[in-house]
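Dear colleague,

Here is the structure that I promised to hand over to you. Please open it beside this message, and then read on for what was found in it.

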Amino acid sequence: MKYKYEMVYPKIEVTDKTPIVMTLHGMGSSYLDLRPLVSVFGENVIELHVQGDINYGSGYAYFIPEFINKTEIAVIGSVITDIHNQVETILKQERLQDNPLFSLGFSQGAIINTGLSIFYPNWLDVVVILSARLPEFYVVEARKNLIEEQISTKIFISQGKKDPLFVPATGREIASFFKKYADNVEYHEYPSGHTVDHNAPQDIFEWFNESYITR
C-alpha cells in the first residue's frame, strides 16, 4: 500500500458499533503524532494512523505544497483519492466497512480531512479539522456537486489566533463554508500559533459527547 499505517484495537470485543478513528498528521511529523488525541473519542475505539509517504525534515508529508509547476488539484487531489481508497481497502480487509468512521487531522492532515469531507460526502461520520486552509478547487467541487445541508458529517474546526501559516480568517472561512453544506459545524479559535492548543482536546471531547454520543 502507498501509505504506511498502524491499527490499534481496543481490549474489549469489537462490534459494528465500535468507531474507527483515523489520524492524519502535519508536515514533518509521523503517524505517532496525533495518537494521544484519540482519547477524545473514548477508550473503546479502533485507531488507524496513516503516515505520509514523502520524507520531509525529520518526518513525513502527504504532499509538498509547491504549486508553481503544478496546480493544487494536481498536487492535493490525488492524495485525497489515494487515502480514501487505501482506507476503504483496509476496512474491507478488516471487515469494518459498516463501523462508524472518524478522522482527526492537523495542518496538512486537516487540509486532507477537509477534502475528504467534500469529495466523499458522508463517508466520515465525525471529522476534526485543526489548523487548515480551503483550496479553491474544494470550493469549486462543492459548488458543482454538493447541495445545502447534504453533509451529515459532524465537523469540528479550530484555528490559532497567532497562527503564522493560516490566519484566523482562514478558519472562519472553512467554518462558514461548511455551514452551507452541513448542519453540525463547531468552530473554535485559540490564543495560540500553528499547533494543537492545550484546550482543544477538552473542547473536542465535550462537543463530541454532546453532538454524537447523546444523539
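I will begin with one residue on the outer side of things, since it makes a good exercise in reading accessibility: Asp16 has a relative accessibility of 46%, and because partly exposed covers the range between 20% and 50%, Asp16 counts as partly exposed. Its neighbour in the sequence, Lys17, has a relative accessible area of 63% and is therefore exposed. The side chains of Asp16 and Lys17 meet in a salt bridge, with 3.6 Å from N to O. Please keep in mind throughout that this is a predicted model, and that every value below was computed from it.

**Salt bridges**

The structure holds six salt bridges in total, and I describe some of them here. Arg133 and Glu72 are joined through their side chains in a salt bridge with an N to O distance of 2.5 Å. Arg133 sits in the loop between β7 (126–130) and α3 (136–145), whereas Glu72 belongs to helix α1 (residues 72–93), so this pair ties together parts of the protein that are 61 residues apart in sequence.

Another salt bridge runs between Arg172 and Glu189, whose closest N and O atoms are 2.5 Å apart. Here the partners come from helix α4 (residues 168–181), which holds Arg172, and from strand β9 (residues 185–190), which holds Glu189, so the pair ties together parts that are 17 residues apart in sequence. Arg172, at 45% relative accessibility, counts as partly exposed, and Glu189, with a relative accessible area of 23%, is partly exposed as well. Glu6, Arg35 and Glu47 are joined into one network by salt bridges that share partners.

**The overall fold**

How many helices and strands does the protein have? There are five helices and nine strands, and along the sequence they follow the pattern β-β-β-β-β-α-β-α-β-α-β-α-β-α. The radius of gyration is 16 Å, close to the 17 Å that the globule rule gives for 215 residues, so the protein is as compact as a globular protein of that length. Taken along the principal axes, the C-alpha atoms fill a box of roughly 50 × 35 × 35 Å.

Of the 215 residues, 53% count as buried. If you look at contacts between residues at least 6 apart in sequence, you will find that 75% of them join residues at least 24 apart.

**Two helices to look at**

Helix α2 (residues 108–119) has 12 residues, which should span 16 Å at 1.5 Å a residue, and its end C-alpha atoms are indeed 16 Å apart. Of those 12 residues, 11 are buried, so α2 is largely enclosed by the rest of the structure; among the buried ones are Gln108, Ile111, Asn113, Leu116 and Ile118.

Helix α5 has 14 residues and reaches 18 Å from its first C-alpha to its last, close to the 20 Å expected at 1.5 Å a residue. Its buried residues are Ala200, Asp203, Ile204, Trp207, Phe208 and Ser211. Seen down the axis of α5, these buried residues fall within an arc of 130 degrees, so they line one face of the helix, and they pack against β6, β7, β8 and β9.

**Aromatic pairs**

A pair of aromatic rings is described by the distance of the centres and the angle of the planes. In this model the count comes to 13 aromatic pairs. In one of them, the rings of Phe41 and Phe102 have their centres 5.3 Å apart and their planes at 45 degrees, so the pair is tilted. Phe41 lies in the loop between β2 (20–24) and β3 (46–50), and Phe102 in strand β6 (residues 101–106), so that the pair links distant parts of the chain, 61 residues apart. Both Phe41 and Phe102 are buried.

The rings of Phe156 and Trp207 also form a tilted pair, because their centres are 5.5 Å apart and their planes stand at 55 degrees. Phe156 lies in strand β8 (residues 154–160) and Trp207 in helix α5 (residues 200–213), so this pair ties together parts that are 51 residues apart in sequence. Phe156 counts as buried at 0% relative accessibility, and Trp207 counts as buried at 6%. Finally, ring pairs link Phe41, Phe102, Phe208 and Tyr212 into a cluster.

With best wishes

Terms used. Residues numbered from 1 in each chain as written. Predicted model: local features only at pLDDT ≥ 70, side-chain atom pairs only at ≥ 80, totals over all residues. Heavy atoms only, no water. Phe/Tyr/Trp six-rings, centres within 6.5 Å; stacked < 30°, edge-to-face > 60°. Helix = DSSP H or I, 4+ residues; strand = E, 2+ residues; numbered from the N terminus. Buried < 20%, exposed > 50% of the residue type's maximum accessible area, 1.4 Å probe, protein only. Salt bridge = Lys/Arg side-chain N within 4 Å of Asp/Glu carboxyl O. Expected span 1.5 Å × (residues − 1). Arc of directions from axis to C-beta. Contact = heavy atoms within 4.5 Å. Rg over C-alpha atoms; globule rule 2.2 N^0.38 Å.
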